[in-house]
Amino acid sequence: MAKWARLFRIVTVVSSISIFTYWFIKKSAVAFVDNSVGLQVINKLPQALDFYLINVNKVDNTTKLEPKHVGKIRPEYYRVEYLKMDKSDEYWIVGYLGKKNLVYFSQHSVPNKNIDQIVEVQNYINQSMKLSDAAKKQVDAYNYENTKLGIWITLDFLLLFLNLVLLLKKNNKN
């Protein structure tokens, strides 16, 4: 029975390492997308803002909002994202100063999907209170899901580490 348990532990550890390696490479790879629109977000404000991008997809008369974290952009710096716009012709940019302070919201349409977009954030503006409230809910849900995923990944790595240590530990039977 001990040999079967050891074999099961070896198979579990090897498959877990391969799954996490694949997941890490997939998440770390730069997200170049074929037939996508390049978006450059430039921060011209005197403070660093944490930007989120919300792609507004319209499928079968329903609107689906897909948030994506662009990152914290320092003054006079930029970030480039690639948007898959096959089901969409609009995106929103949301900027936060701190964790919960929404200070920038803008709505952008994409009339020509062959031309890349450049957005310069030069002032604190909220173009639509109604849409910014919907965007804030989406960003909060996105952050909650990422926090939950981070906790599960940490616990999985802990279990993987413990199993690996137990697998490599020498048997101290005399």
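This passage describes the strands, a pocket and some individual residues of a predicted model.

We may begin with the sheet of 4 strands, which is open and has the order S3-S2-S5-S6, its pairing being antiparallel. The edge positions are taken by strand S3 (62–73) and strand S6 (102–109); each of these has a single partner strand, so one side of each is left without a neighbour in the sheet. On average, and with direction ignored, neighbouring strands here are turned by 20° against each other. As background, strands of a sheet pair through backbone hydrogen bonds, either parallel or antiparallel.

Strand S2 is a good place to look at this sheet in detail. With strand S5 (residues 88–96), strand S2 (residues 49–59) pairs in the antiparallel sense over 8 bridges. With S3, the pairing of S2 is again antiparallel and runs over 11 bridges. Phe51 illustrates both sides of the arrangement: its bridge partner in S5 is Gly95, while in S3 Phe51 stands opposite Gly71. Further along, Asn55 stands opposite Tyr91 of S5. How many of the 11 residues of S2 are buried? The count is 9, so S2 is largely enclosed by the rest of the structure.

The link from S2 to S3 deserves a word of its own. These two strands form a hairpin with 2 residues between them. Asp60 lies in this loop between S2 and S3, and its phi is positive, at about 50°, although Asp60 is not a glycine. Is Asp60 buried or exposed? Its relative accessible area is 70%, which is over the 50% cut-off, so Asp60 counts as exposed. A similar note applies to the loop between S3 and S4, where Glu76 is found. Glu76 has a positive phi of about 65° and is likewise not a glycine. With a relative accessible area of 54%, Glu76 is exposed.

The other sheet to consider is an open one of 3 strands, arranged in the order S4-S1-S7 with mixed pairing. Strand S4 (77–83) and S7 stand at its edges; each has a single partner strand, so one side of each is left without a neighbour in the sheet. Neighbouring strands of this sheet are turned against each other by 20° on average, direction ignored. Strand S1 (residues 37–43) and S4 run antiparallel and are joined by 7 bridges. Within this pairing, Val37 stands opposite Leu83 of S4.

Strand S7 (residues 117–121) contains Gln117. The relative accessibility of Gln117 is 17%, and because this is under the 20% cut-off, Gln117 counts as buried. Which side chain does the side chain of Gln117 contact? The partner is the side chain of Tyr91, and the polar contact has a distance of 3.3 Å. Tyr91 has already appeared above as the residue of S5 opposite Asn55.

Attention now turns to the second largest pocket, which holds about 200 Å³ of space. Its lining consists of Asp50, Tyr52, Tyr96, Gly98, Lys99, Lys100, Val139, Asp140, Asn143, Tyr144 and Thr147. Two elements, S2 and helix H2 (129–168), each give two or more residues to this lining. Which element supplies the largest share? That share comes from H2, with 5 residues. Sorted by class, the lining comprises 4 nonpolar, 3 polar and 4 charged residues. Strand S2 thus connects two parts of this description, as a contributor to the pocket lining and as a strand paired with both S5 and S3.

Helix H2 also holds Thr154. This residue has a relative accessible area of 51% and is exposed. The side chain of Thr154 reaches the backbone oxygen of Gly150, at 2.8 Å.

How values were computed: Residues numbered from 1 in each chain as written. Predicted model: local features only at pLDDT ≥ 70, side-chain atom pairs only at ≥ 80, totals over all residues. Heavy atoms only, no water. Pairing = 2+ DSSP bridges. Axes fitted to C-alpha atoms, helices over the stretch in contact; angles between N-to-C directions. 1 Å grid on protein atoms, 1.4 Å probe; cavity = no way out; pocket = protein on both sides within 12 Å on 5 of 7 lines; lining within 4 Å. Points joined across faces, edges and corners; volume = space filled by probe spheres on them. Nonpolar A, V, L, I, M, F, W, Y, C, P; charged D, E, K, R; others polar. Buried < 20%, exposed > 50% of the residue type's maximum accessible area, 1.4 Å probe, protein only. Polar contact = N/O pair within 3.5 Å; in protein donor to acceptor, adjacent residues only side chain to side chain.
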